[in-house]
Amino acid sequence: MPEAGRKTGSSFTKKPRSAVVNAGSDARFIAETEKGVVKVRWQRDGVDMVTSEQWTITSEDTMHSLTIHSASNIDNGVYAIIAGSSKVKFELKVKEPEKGEDPATPNEAELRVTTKAATDASTENFLGATNGEAAPGAPIGEKVPEVRSTSEEALETSSKEKVPSPSQKGTVLKSGSEGTAQQDAAGLFLEKPQSGTVMVGSDISFTSQVQGTNILRKPNIRWFKGKWMDLASKTGAHLQLRETYDRNTKVYTFEMQIIQAKTNDAGGYRCEVSDKDKFDCCNFELSVHEVPVHEEMDILSQFRRTSLAAVGSRKRMGTSTSSTDAGEEAGGLDFSALLKKRGEVKMNEGPKIDVWEILQKAPASQYEKIAFQYGITDLRGMLKRLKRMKKEEKKDTAFLRKLDTAYQVDKGQKMKLVVEVANPDAEVKWMKNGQEIQVSGSKFIFENIGNKRVLTINHCSLADDAAYQCVLGEEKSITELFVREPPVLIIQPLEDQMVMVGERVEFELEVSEEGALVKWEWNGQELKREETFKYRFKKDGKKHTLFINEATKEDAGHYTAKTNGGQSVAELLVQEKQLEIYQNIADLTVKAQEQAIFKCEVSDEKVQGKWFKNGVEVMPSDRLQLTHIGRIHKLVIDNVRPQDQGDYTFVPDGFAFNLSAKLNFLEVKIDYVPRQDPPKIHLDCLGCVPDATIIVVAGNKLRLDVPISGDPVPTVVWTKADKVITEMDGRVHVENHPEHCVFIMEGAERSDQGVYTVLVQNPAGEDRANITVRVVDVPDPPEFPKILSVGEDCCTVQWDPPAFDGGQPVLGYVLERKKKKSYRWMRLNFDLWKETTYEAKRMIEGVVYEMRVYAVNCIGMSRHSPASKPFVPIAPTSEPTNLTVEDVSDTTITLRWRAPEKVGAAGLDGYLVEYCKEGSDEWLPAQQGLTDCNLLLIRDLPTGEKLHFRVKAVNMAGASGAAVLSQPVTIREIIQRPRICLPRNLRQKMVKVVGETVNLMIPFQGKPRPMVTWLKEEQPLDLKSITIRNSDTDSIFFIRKAERMHSGSYQLQVQIENTKDTANIHLQVIDKPGPPLNVKIGEVWGLNVALSWVPPKDDGNCEISGYTIQKADKKTMEWFTVYEHYRRAQCSVSELVVGNEYFFRVFTENMCGLSDEACQSKDSVYIQKPGTEYKPPSYKQHDFTEPPKFTRPLMNRSVICGYNATLSCALRGSPKPKVIWCKNHVDLSADPRYRMFSNQGVLTLEIRKPSPFDAGTYSCQAANHLGEAKSECKLEVRVP
C-alpha cells in the first residue's frame, strides 16, 4: 500500500477511451484528474489543441472534456491528454453512414468514461482493461487487447472501407469552411496551406492544391520563408518538397514537409503559384514550441521504484497496473487509485513541495539525505536529471549579442557578421561549415572593436553560401549566410532577322555578366545542341550567339533568349529565294543549215531547268545540245531544219515561271529586181544628227529604231569596235525589218558604253552612220573614310571621291554613323554635303563609333563605302596643375605636379616632361616615353644653365595643354646650412627600463647631404649593441634591448664642409633596486618594535622612492604589509599581538617598482605580556659537526660493455662535504660521459655505455673544514 503522504503514480482517476462515430456526429471525450492537477493539455498527433470552431475544450474542477463537432474523415487520428507527467492516448475513427441510415445525433455519439464506485472488482478490472491497462493477475508491462462495446463493433463492422488516418505529425486540422475544397474564383488555389504549431523535434507538413482543369501545363510553385528566402535550394534531410497529380480529379497537390522542426524554423512562410498570366499566393505562419523539461513534473512518480514485495502484495490484493502509462513514464508507477473503493479515506495533504528547488539549492553532500527523506530510491537517475536541468538553466554569459538566424547578401557584395562579447579581451574563432576560417588575403577580415567581433567577407560568391559560427570557449553563435545571384540583365537585345532559304542565321545577345546562363527557345520550345549541328550556341564573354545553319521555312518564328533577369524576343522571317532573270531568251530567225542558240541567264548558279518545244520536253541528241555553265543555260540546235520551227520554253526547277522564245525558219527566195536604189540611213527623221550621242541609265532598256531605205532591201550590220552584233546576240541584239532596223539593249551596263556603227548595203551601194551610246549610273562608293581627329563629342572624317562618278558629276555625299555594338546606322546629314571632309557632332564620349559615306549624283545614291575603323570620341585632358620644383642639384632637378582637373573617359596614359634652354624654342624630352608618376627626377642636365620646364598630360586624344614654370630654373646645387630638428620629447632626459627597445629618429636638414656623426661622452659609439641608420633627411638610433651600460649623454653632429650643428640626448636606463642591507631590530617596548636598515648598494640607476615593510607571525609565516612608500631607513611597528613571535622584512622601491628580493631580519621578536618576564633556562647547544665519513664504501664492479653502469657509496658529514669523483686520480667533473648524483647522503656515479677504455680505478673524495675522506674501487669492463 502506498504511504499516506505520497501521490499515486497516475494523475487520472478517469481516462478517455477510443471511439468510432458516424460522420457528421459530435464526439466527446471526458477525463477526470486528481485534485491538485491544474494544467491539462489535449493533443492531436503530437500537436497541442486549442478551442476553435472545429472543437471545444472545457475544464471544470477535476472534470475535463474534448468535444469534436461534426466529425469528418479529417478528424481521424490519435489524440492524447496530458496532466502533469501522465499521458493517456486514445483514437477516434469516423465512419461514413450506410444508405438509409440517419447520422447519429450528438447525444447518441457522445462517449463518456465513468467509473462507478459501487461496482465490484470485476467491473473495475474490465474498465481498466478497456483503457489499455493490465488486468489483475497479468504481468506488469503486458498489454491487454482493447475491449469494445457492442455498438462500437457494429459501427466498425458496418464500414466496408478503412478511412486513412493522417500520417504526418504536426499537420494542423482545418476548421469550418477552411477544410472544404472550394476553389477561389479569383485565384488558382483549390486548397491553401494553413498556419500551424509544432513541438521541437516533431514533423509538420503544409499542403496546397491547385485545380488543373483550366490549366494547359503544370503550374509553377515556389515556397518562401520570409520575404526572400527561396526554399527550393534548401531541400534535404531537414526540408522536403513533394508534388503529385491526380489524373482522375485533375488536381495538383504540392506538399512541404519540415522534418524534426527547430526553433529557427518558426516564422512567416509564403506559397506562390503561377501559370502564364495567372498568379496567386498565400501566407501562413509556423510556431515552434520548446518541449517542456520539468514543468509540472512529479519527481516522486519519476524516480520511485516499486519493490517486488510490494508488487506481490498488490497482486494478492487485486491491484491492477497500467502497461500503457508504464511505457510513457520513468520508473514503476503505483496504480492504487484503481483499487475497489471500500470507503473514502481523507488524507491530509500538506503544502506542495518542490523537490527540484530543494535539490538545486542543496550541496551535493545532502542529496542522499533529501532522497531518503522524500522517498526517492533511484538516486542515479535523479542525479542525471538534475545535472541536465542545471545545464539547461545555465545562461549564455559569453555573448551580449549573438548573430541573427540568417543573413542574405548579393553576389559580389560585402557582408559583415557582428557579435558582442561580454569580455572585451576575449578571443573568438570563426568557423565556416565546421572548419576554422584562416586569414588569407583580403577575402576574410577579422576586427576587434571594443566588445564587438566583426567578420567581414569581401566579394561574396556562391562558395560563401554556408553556415557560420562564432566560437567563444564552449559557447557558439550560429547563423546561415545566403548569397543571392543578382539578376542577369539583357544589355543588347535580339534583333529581328529576315533571310532567304538556305542562308545562315545569327542571333546575338549581350548580357550584364560573363558566363551567365542563357536559355534559347523557339516558339516556346527549348533549343538544344543536335547531332546534325542545326543549332550552334556560342559564348564569348558577355555575348551569346545562336547560329542556325541552312535556314528553312520551318525555322521561321519567334526566338527567345531567357535569363534569370529578363528575356528578349526576336522574329525570324524565312523567304523563298527570288530567282532573277539577268538575260531572257530572245526570238530567233535562222536559215536552213544554220545554228540556232537559245541562251538565258538567271541569278542562282545551282538552279537546274528543263527545255520544252511546243510543250514537249527537249531531249539532247546529236543536233540538240543542252548546257548549264554557271548561271547560263543554253539550247544549241545545229543544222536547223523546217521541223525545228516552234515555241521553245525554259522552265527552272522549283519556280513557278518560264522563259519562252520563238524559232522562225527563214526560206530564201530569189526574186527578180527590176531596179536598184542605193541604201540610206535616215537618222534625221528621228530628230538626231549623224554621229549623235544617246544617253541611257544603267539597268534601263534602250530601243533605237533606225529608218532605212533602198531597193533591193539593204542588209543591216551593227558593229561595235569591229565586232558584229547579230540578231541573236542575247542582251544586246538587233532586229531587221524592210523599212527600218531596231537596236535593242536589255539592261544597259557600263560596259555597253561606246560607239556603235550601223552599215546598210545592197548591190546599189552602202551607207554608214555612227551612234554614240553613253551609259550613266550611280557613282561607285567613296573610298575608305579616315578619321582625322576626335574631340569630346565630335570627330572629323575625310574620304576620297569615288573612282567612277557614274558618268555624271557627283552632287554631294551622305554620311551615316553607328555604335560599334549596334546594327542601326543613323544618317548625319539630310542635305547633300559638297566637301570630302565632315565634322560629326553630338556624339557620346567614350562610346565606340563607325562611319560610312554614300556618293550621290543625278542618277541616284551609290552603295555605301567600307566602314571606317572604330573610333572613340575623346578629348585631351586639361593641363596638369601645381607644377613646382622639389629639389635642384648640379646635374639634376626634381619636379612635382598634380593630375589634371579634367581627365575624361579615355583616362590618362601618362605625362610628357620637356625642357629647353632660355632663349631657345627647341623643347627636348626629359626622358624616353611617358611617366605615370607625379614626381620626376631629371638627370644629366648642364650645370649652370637656365632651363624652362613644362609638363603635358597624354591620352588617346593626344597631349593636353602644357603646365609651364613661370621662370627658368638655374641648374646649380643650393647650399643649405645643416640643422638638427630635435623632437620635443628628446630635449629632456629619456628614461627607459632595462630590456626595452630604444628607437629614436632624429630629422635634420642640409644640402648637400650632411655627414652624420654619433658620440657618447665625447667618445665614438660601440656599434656592437647600438645600430645607426642614416638617410638624406634623418638619422635613426636603435638599441634592441637596453642595458644599464647604455645610460649616458649622446651627441649627434651633422656637418657640411665647415658648418655643423650638434644635439645632445640624455639616456637613462633604469632597473629594479637591490634589497636593503642589515635589517636590525632595535628596541622592543610593549606592542611596538623599532626597526632600522641600511639603504641598498644598487639603487637601480635611479632615486630610491621608498620602502615597503612587512611582518609575519612565526606560526603561519604569512606576510602582511605594515608600511608602503616609507621614505626613512628606520621605523617603528606598532599594534603587535601579545604572545606572538614576529619576523620583519623590507623591500626597496624606485620608479621600476619593488626590489625582487627583500632583506629579512635574522632574529625574531616575541611580544611578551607586560609584567613578569619569563627567563627560559639556558642549555648548551649540541655540536653536530663532524668530518666526512663513508658509511658504505665503493665496491669493485664488473660490467658489460655498452650498458650503463653505476658506482654508489654512502657518506655522512656536517657541514655538507664537497665531493669529487676521479678515475685514475683524474677529476671527472668536466667529462660529459659521467653523471654524478647525491640523494640523502647516497653518492652515485653513472657511466654512460662504458667501453674497455673506461676500466680502471675510481675514487670518491669528500672534504669539509673538519677533514677529508676517500673511497676507491676497481671497475672491469667485459666485452660480450
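This passage describes two nonpolar cores, a buried serine and several unusual backbone geometries in a predicted model. Residues are numbered from 1 along each chain as its sequence is written, and side-chain values use heavy atoms, with hydrogens and water left out. Because the model is predicted, local features need pLDDT of at least 70 and side-chain atom pairs count only at pLDDT 80 or more, whereas totals for chains, interfaces and linings use all residues.

The largest nonpolar core (a set of buried Ala, Val, Leu, Ile, Met, Phe, Trp, Tyr and Cys residues joined through side-chain atoms within 4.5 Å) comprises 25 residues, of which Phe206, Val210, Trp223, Met256, Ile258 and Leu286 touch the most other members. At least two residues of this core come from each of strand 12, strand 13 (220-225), strand 16 (251-258), strand 17 (267-275) and strand 18 (278-289), where strands are DSSP runs of E with at least two residues, numbered from the N terminus. A second, separate core contains 24 residues, among them Val734, Ala748, Ala769 and Val775. In soluble globular proteins, nonpolar side chains tend to be buried together.

When residues up to four places away in sequence are not counted, methionine 256 is in contact (heavy atoms within 4.5 Å) with Ile204, Ser205, Phe206, Trp223, Leu231, Leu239, Gln240, Leu241, Tyr269 and Phe284. Serine 208, which lies in strand 12 (residues 204-211), is buried, with a relative accessible area of 0%; buried means under 20% relative accessible area, exposed over 50% and partly exposed in between, for a 1.4 Å probe and protein chains only. Beyond its neighbours within four places in sequence, serine 208 contacts Phe189, Glu191, Pro193, Ile221, Trp223, Tyr252, Thr253, Phe254 and Cys271.

Most residues other than glycine have a negative phi, and most peptide bonds are trans. A cis peptide bond is nevertheless found between lysine 1007 and proline 1008, with omega about -10°, and proline 1008 belongs to the loop between strand 71 (998-1007) and strand 72 (1011-1016). The bond from serine 1214 to proline 1215 is also cis, with omega near -5°, and proline 1215 is placed in the loop between strand 89 (1205-1214) and strand 90 (1218-1223).

Positive phi values occur at serine 70, where phi is near 45°, and at glutamate 1057, where phi is about 55°. Serine 70, in the loop between strand 7 (63-68) and strand 8 (77-83), is partly exposed at a relative accessible area of 47%, while glutamate 1057, in the loop between strand 76 (1048-1056) and strand 77 (1059-1070), counts as exposed at 63% relative accessibility.

Terms used
Helices (H or I, at least four residues) and strands (E, at least two) are DSSP runs, numbered from the N terminus.
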